[in-house]
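Trainee: I would like to go through this structure with you. Where should we begin?

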Amino acid sequence: MSNSKYILVTGGAGYIGSHTVVELVENGFSPVIVDDFRNSQESSIDGIERITGKSVTLRRIDVCDFASLEGVFSEFNFEGIIHFAAHKAVGESVEKPLAYYRNNLLGLINCLDLAVKYKVENFVFSSSCTIYGEPKNEKVVTEESEIQIANSPYGNTKQIGEEIINDLVASGANIKILNLRYFNPVGAHFSSQIGELPIGKPNNLLPAVAQTAIGKIDKITVHGNDYDTTDGTCVRDYIHVTDVANAHVKGIAWLQSQKNSLVENINIGTGQGTSVLEIIHTFEEVSGRKLNWEFGKRREGDVVEIYADVTKSKAILNWEAKKTVKDAVKDAWNWEKRISD
Ligand SMILES: NC(=O)c1ccc[n+]([C@@H]2O[C@H](COP(=O)([O-])OP(=O)(O)OC[C@H]3O[C@@H](n4cnc5c(N)ncnc54)[C@H](O)[C@@H]3O)[C@@H](O)[C@H]2O)c1
């Protein structure tokens, strides 16, 4: 094991990446961010610096540009890599499949290739619960649950990403890889210095709810009220982004403790489902504002109910979610108020 504390964080200026960079600094690592800001803003770097009191090491590089990325590998002796950089909007991926396959797969291949070439053995890949699709007979999925045919190019990039990783490890490459399958990251840092900054119309529920409460959006539509769930609306496993970030620090530490090449898949969720209506009502309670919302038609391709079995994350990473959905809603609301000032 090398003594380097440098961790390459691709996409480190983004939503989950910026929170992970903070957790890494707070746990004694020296993160190096590679990001080209295609879906983030410089203000997230300022936010990280305000929280940690340390200056951020940043290289403004496209991970698909192999030569430039290699320059970063020759500059730093990395102990590990956390690969977040990717496009992430399911709907957009249906309209621009090639852009999604190019960025998400080429970026991953470049990072893996350079990890092997520069002998960086500890690698964390951002996977997603989308790979489980609509679970057939279960609402709670384990890492052994069947992977369903992807219902979007985005979901397919995560499935293919995991296959590429399996093939690389099977080829005998000297690398240890954790595929962290996140459920639904929400909330913001409690300091309100960093959070989710959707460019354009938000795709995710919490930013949409927060923008409705602040008046940026007129009304939100809840898609479907007749599903077979507690209140008829879709159910997800919402997990605080700070908890997600912490799972990466635990993940790197666990990889460091392992001797042999491996690939391990781990769900990152709370183990509890929350419905869309429950989120809206929690938001109204926390913000003290009445939200303007209405029921609309079911949306094509929406998974009805899914949440994580978290046995493995506890057993292997010694990690579990500490914050509640209410904490996340509170932090998301404080963040929205701050960026709307
Ligand atoms: N947020 C979620 O709900 C969620 C759920 C499951 C998985 N994930 C995965 O987690 C990862 C991070 O997601 P996020 O929500 O923080 O997204 P984000 O868009 O906020 O962050 C991604 C960052 O990567 C950067 N980036 C993208 N392509 C790049 C490239 N070619 N070169 C350099 N930088 C590039 C963007 O500028 C952005 O800063 C992604 O891989 C995403 O697919 C996210």
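Mentor: This is a predicted model. Begin with the shell around the ligand, whose residues divide into 13 nonpolar, 8 polar and 6 charged.

Trainee: Which residues come nearest to the ligand?

Mentor: Of the 27 residues around the ligand, the nearest are Asp-35, Asn-39, Ser-40, Asn-103 and Tyr-154.

Trainee: What makes the approach of Tyr-154 to the ligand a polar contact?

Mentor: The cut-off is a pair of N or O atoms within 3.5 Å. A polar side-chain atom of Tyr-154 lies 2.7 Å from an oxygen atom of the ligand, so the pair qualifies as a polar contact. The protein covers 96% of the 830 Å² of accessible area that the ligand has on its own.

Trainee: Which elements give two or more residues to that shell?

Mentor: They are helix H1 (15-26), strand S5 (122-128) and helix H6 (153-170). The largest share, 3 residues, comes from S5.

Trainee: How do you know that Asp-36 and Arg-38 also make polar contacts with the ligand?

Mentor: Use the same test. For Asp-36, a polar side-chain atom lies 3.3 Å from a nitrogen atom of the ligand. For Arg-38, a backbone N or O atom lies 3.0 Å from an oxygen atom of the ligand. Both distances are within 3.5 Å, so both pairs count.

Trainee: S5 is also part of a sheet. In what order do the strands run?

Mentor: The order is S3-S2-S1-S4-S5-S7-S12, an open sheet of 7 strands with parallel pairing.

Trainee: Why are S3 and S12 called edge strands?

Mentor: Strand S3 (57-59) and S12 each have a single partner strand, so one side of each is left without a neighbour in the sheet. Neighbouring strands of this sheet are turned by 20° against each other on average, direction ignored.

Trainee: How do you know that S5 and S7 pair?

Mentor: Pairing needs at least two bridges. S5 and strand S7 (residues 176-182) have 7 bridges in the parallel sense, so they pair. In S7, Asn-179 is the bridge partner of Phe-125.

Trainee: What joins the side chains of Asn-179 and Asn-265?

Mentor: A polar contact of 2.8 Å joins them. Asn-265 sits in strand S12 (residues 262-268). Leaving aside neighbours within four places in sequence, Asn-265 is in contact with residues including Glu-143, Arg-181 and Lys-312.

Definitions and conventions. Residues are numbered from 1 along each chain as its sequence is written. This is a predicted model: local features need pLDDT of at least 70, side-chain atom pairs count only at pLDDT 80 or more; totals for chains, interfaces and linings use all residues. Side-chain values use heavy atoms; hydrogens and water are left out. A residue is near a molecule or strand if one of its heavy atoms lies within 4 Å of it. A polar contact is a pair of N or O atoms within 3.5 Å; within protein, one must be able to donate a hydrogen and the other to accept it, and residues adjacent in sequence count only if both atoms are side-chain atoms. Accessible areas come from the Shrake-Rupley method with a 1.4 Å probe; for residues, only the protein chains shown count as cover. Helices (H or I, at least four residues) and strands (E, at least two) are DSSP runs, numbered from the N terminus. Ala, Val, Leu, Ile, Met, Phe, Trp, Tyr, Cys and Pro count as nonpolar, Asp, Glu, Lys and Arg as charged, and the others, Gly among them, as polar. Contact means heavy atoms within 4.5 Å. Axes are lines fitted to C-alpha atoms, for helices over the stretch in contact, and angles run from 0 to 180 degrees between N-to-C directions.
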